[in-house]
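Biologist: I'm new to this one. Can you walk me through it?
Modeller: Yes, here it is.

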Amino acid sequence: MRKHWIDNLRWVTVLLVLLYHVIYFYNNKGVFGGIGGFGDGPQYQDVVMYILYPWFMPLLFILAGISSRYALEKQTAKEWFRARTRKLLVPGTIGLFVFHWMVGYFNTVVAAREGVFGEMPAVGRYIMCAISGTGPLWFIQVLWLLCIVLLIVRAIDRKDRFWNWCGKAGTVTIILLGVLFWAGEQTLIKNPRPESPDGLINLYKPLFYLVPFLLGYFVFSHDEVQEKVGKVWLPLVICAAAAGIALIVTTFGQDNTSPEYLGSPLNCLYGWLACLAMMGWFKTKFDTTSKFAGYMTRSSYGLYIVHYLVIASFGYMMKMYTQLPPVAMYLILGVAVFALSPLLYEVLHRIPFIRWCIFGEKRAKS
């Protein structure tokens, strides 16, 4: 029986990613990426980043881990990994050169203006744009690597002994698993060296995201664990809200993506409690479906894949070539990403071969 709450939580989280990127694109907190804010003064709208960033991507990895467990109960490891490769690795590599080079163009346009590319031929610039267009695709690239790790772990635990043992976790143990969340954040490089892979490692955070992914597979894929989290959803929501308020009040204005910030106990406490709270809340209140929810379940992955081109293009053009007030830019960008991303997805996933390159789809979804 399909667990609709997982589907609903996934697409709602994807929509929150879209909202996050609208705010992130104009942030002035020193967060990598985007185009910069509107002066050095406080931008209180940036609070959205502080609310969402500690938990929404770890939550997506937890859900990916849960879904991986369910899929591997129906498919062989070979079938599953082949499907994962098509769905994740193809868009994360070939898709860069077919579609995401356009995102890379807006990411590199400032560098081009400053003459960084010099006399580089057009082919070289195209390759640079494609590589620079990775953007949100880091998620599917990391997820594909974690799938390889999972297959290795499964080979070690062939009889599911560890998985069965994890299913016995009580509510207190589940909450205390936040220590692993904190330990994962400690793998970030605190003082990344210039001109080294350190910055890239901190951006992708593979060792950190391995933690929620495996917790999803081994712990939260159990019906009993989901029921336990669901029973305490309200206390979890209250505690997560309290931790989040404390975090924002004490840290607003800092770079909320820095290793020091992410590794702080309060950030980890809030991030973990928020993940649990969202799962418990949706398990209890949103385990239903509808025509709209069904559509979002089918299309949310595609929206995630294409949405950043809308943000990068509209956001850049408004900031550089208009005198619109900031509030108008946010509103226009928000409407554009939520209205045009579905349209862009609907067009692209109906084109043979293109849908395989960009979305890893064999055929158009009905």
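Biologist: Which residues do ring pairs link into a cluster?
Modeller: The cluster consists of Phe61, Trp138, Phe139, Phe181, Phe208, Tyr209, Phe220, Trp272 and Tyr304, joined by ring pairs. Keep in mind that this is a predicted model.

Biologist: And how many aromatic pairs does the structure hold?
Modeller: There are 37 aromatic pairs in the structure. One of them is Phe38 with Tyr330: the ring centres are 6.0 Å apart and the planes sit at 65°, so this pair is edge-to-face.

Biologist: Where do Phe38 and Tyr330 sit in the chain?
Modeller: In distant parts of the chain, 292 residues apart. Phe38 is in the loop between α1 (4-24) and α2 (47-52), while Tyr330 is in helix α17, residues 326-348.

Biologist: Is Tyr330 buried or exposed?
Modeller: Tyr330 counts as buried because its relative accessibility is 13%, and the cut-off for buried is under 20%. Its partner Phe38 is partly exposed, with a relative accessible area of 27%.

Biologist: What about Tyr217 and Phe218, how are their rings arranged?
Modeller: They form an edge-to-face aromatic pair, with 4.8 Å from centre to centre and 75° between the planes. Tyr217 is buried at a relative accessible area of 1%, and Phe218 is buried too, at 5%.

Biologist: Switching to the surface. Which residues make the nonpolar patch?
Modeller: Phe97, Trp101, Tyr105, Val123, Tyr126, Ile127 and Ile131 make a nonpolar surface patch of about 650 Å².

Biologist: Which helix gives the largest share of that patch?
Modeller: That is α5, with four residues. Helix α5 covers 122-132, and both α4 and α5 supply at least two residues each.

Biologist: Phe97 is on that list. Where is it, and how exposed?
Modeller: Phe97 is in helix α4. Its relative accessible area is 36%, so Phe97 is classed as partly exposed; exposed would need over 50%.

Biologist: Now charges. What forms the positive surface patch?
Modeller: Lys78, Arg82, Lys362 and Arg363 form a positive patch on the surface.

Biologist: Which helix holds Lys78?
Modeller: Lys78 lies in helix α4, which spans residues 77-113. Phe97 from the nonpolar patch is also found in α4.

Biologist: Why is Lys78 called exposed?
Modeller: Because its relative accessible area is 62%, and the cut-off for exposed is over 50%.

Definitions and conventions: Residues numbered from 1 in each chain as written. Predicted model: local features only at pLDDT ≥ 70, side-chain atom pairs only at ≥ 80, totals over all residues. Heavy atoms only, no water. Patch = residues over 30% accessible without salt bridge, like charges linked within 9 Å, V, L, I, M, F, W, Y side chains within 5 Å. Areas by Shrake-Rupley, 256 points an atom, 1.4 Å probe, with all protein chains shown as cover. Salt bridge = Lys/Arg side-chain N within 4 Å of Asp/Glu carboxyl O. Lys, Arg positive; Asp, Glu negative; His and termini not counted. Charge placed at Lys NZ, Arg CZ, Asp CG, Glu CD. Buried < 20%, exposed > 50% of the residue type's maximum accessible area, 1.4 Å probe, protein only. Phe/Tyr/Trp six-rings, centres within 6.5 Å; stacked < 30°, edge-to-face > 60°.
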